[in-house]
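Reader: I'm new to this structure and would like to learn how to read it. Can you walk me through it, one feature at a time?

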Amino acid sequence: MLKNCVTLGRRSSFLLQAIRMSSSAAGNGKLSGKVAVVTASTEGIGLAIARRLGQDGAKVMVSSRKQDNVDKTVSQLKSENLDVAGLVCHVGKAEDRTKLIEQTLSQFGGIDILVSNAAANPTFGPMLDTPESAWDKIFDTNVKAAFFLCKEIVPHMEKRGGGSVVFVSSFAGYTPMEFLGPYSVSKTALIGLTKALVPQLSSMNIRVNCVAPGVIQTKFSEQLWKNPAIKDMILQMIPMHRVGEPPEVAGLVSFLSSDDASYITGETTLVTGGIPGRL
Ligand code: NAP
């Protein structure tokens with residue numbers, strides 16, 4: 001019995017290694033030859049996106065605010081045979097965004113894909129009690145930084161003949177959450193930003209899309225799934241009766257970043273297990 005388990009364990013680790021090698025070393029994934037920048041990618045949804053883009057053949061620049069997180073993520077993804085590099089980038093800091101772009105260009109020679117995933121939410125409570133400082137922080141990080149990073153990267157995509165931008169919004173952008181008012185409004189703004197950028201970016205052969213995740217099991221959303229009573233309430237809202245996993249968002253982002261989505265731009269796609277969205 002024990003012997004069988006050991007054999008099985010060995011077999012599955014060989015299998016895993018073979019899958020990793022075939023997806024990266026062969027370089028024949030659907031994003032082969034592309035370079036991707038993914039913000040807030042050392043944990044949760046961003047990390048899953050970085051991993052998936054790498055598995056699909058892209059070279060990926062990961063980033064977040066803390067050097068330790070960047071180092072840990074880069075060494076983890078490299079151990080999975082993925083072609084990644086990383087650096088610290090707080091998306092709200094203009095100088096960090098500039099470094100992110102410069103480092104990606106010098107490391108990988110260009111940029112084809114931007115996934116703008118970072119968000120902040122410093123406040124939880126009745127909307128009318130939100131201080132101006134919280135509005136500023138939420139809009140600076142979630143909306144302004146997303147726009148400026150896109151604006152700063154677009155000329156480099158243009159040099160490559162085109163590209164793809166994906167913003168990470170939320171189902172709350174369609175149906176505001178009661179105690180997350182300003183955060184929800186910032187996520188609605190991203191859906192609008194996606195549409196507003198289409199005319200100019202289309203003329204540069206750059207597609208711009210957006211994903212709106214539902215409740216995905218990450219640290220960011222742990223208030224919604226950690227406590228069993230609250231989780232039960234949340235599950236009643238979700239037709240599929242389960243919370244989502246980060247790779248379930250990452251698959252969609254990889255599709256939108258690839259040529260399989262070559263005629264899709266200006267769209268926001270829900271990944272919510274069936275929670276409906278309507279603006
Ligand atoms: P998460 O698991 O808490 O991960 C957050 C990541 O963001 C970490 O890598 C963190 O690393 C980094 N980060 C935080 N602030 C940053 C900043 N200002 N600049 C750069 N990096 C920053 O969060 P998540 O759940 O994956 O959320 C990712 C995105 O999905 C967000 O836009 C969120 O609004 C959206 N979303 C999440 C859910 C959900 O249920 N989880 C649902 C809808 C939408 P450092 O600490 O090192 O910076």
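Reader: Where is threonine 141 placed?

Author: Keep in mind that this is a predicted model. Threonine 141 sits in helix 5, which runs over residues 132-159.

Reader: Is threonine 141 buried or exposed?

Author: The idea is to look at relative accessibility: under 20% means buried. Threonine 141 has 10%, so it counts as buried.

Reader: Which residues does threonine 141 touch?

Author: Leaving out residues up to four places away in sequence, threonine 141 touches Val91, Ala118, Ala119, Ala120 and Ala146. Its side chain also has a polar atom 2.9 Å from the backbone oxygen of lysine 137.

Reader: Let's try helix 3. Which of its residues are buried?

Author: First, the general idea: an α-helix has 3.6 residues a turn, so residues three or four places apart point the same way. In helix 3 (residues 67-79), the buried ones are Asn69, Val70, Thr73, Val74 and Leu77. They are on the same side of helix 3, because they cover an arc of only 125 degrees around the axis.

Reader: What do the buried residues of helix 3 pack against?

Author: Their partners are helix 2 (44-55), strand 2 (59-64) and strand 3 (84-88). On the face turned away from that buried side you'll find the exposed residues Asp68, Lys72 and Ser79.

Reader: How far does helix 3 reach from its first C-alpha to its last?

Author: Helix 3 has 13 residues and reaches 18 Å, close to the 18 Å expected at 1.5 Å a residue. Just after helix 3, asparagine 81 takes a positive phi of about 70 degrees.

Definitions and conventions: Residues numbered from 1 in each chain as written. Predicted model: local features only at pLDDT ≥ 70, side-chain atom pairs only at ≥ 80, totals over all residues. Heavy atoms only, no water. Helix = DSSP H or I, 4+ residues; strand = E, 2+ residues; numbered from the N terminus. Buried < 20%, exposed > 50% of the residue type's maximum accessible area, 1.4 Å probe, protein only. Polar contact = N/O pair within 3.5 Å; in protein donor to acceptor, adjacent residues only side chain to side chain. Contact = heavy atoms within 4.5 Å. Expected span 1.5 Å × (residues − 1). Arc of directions from axis to C-beta.
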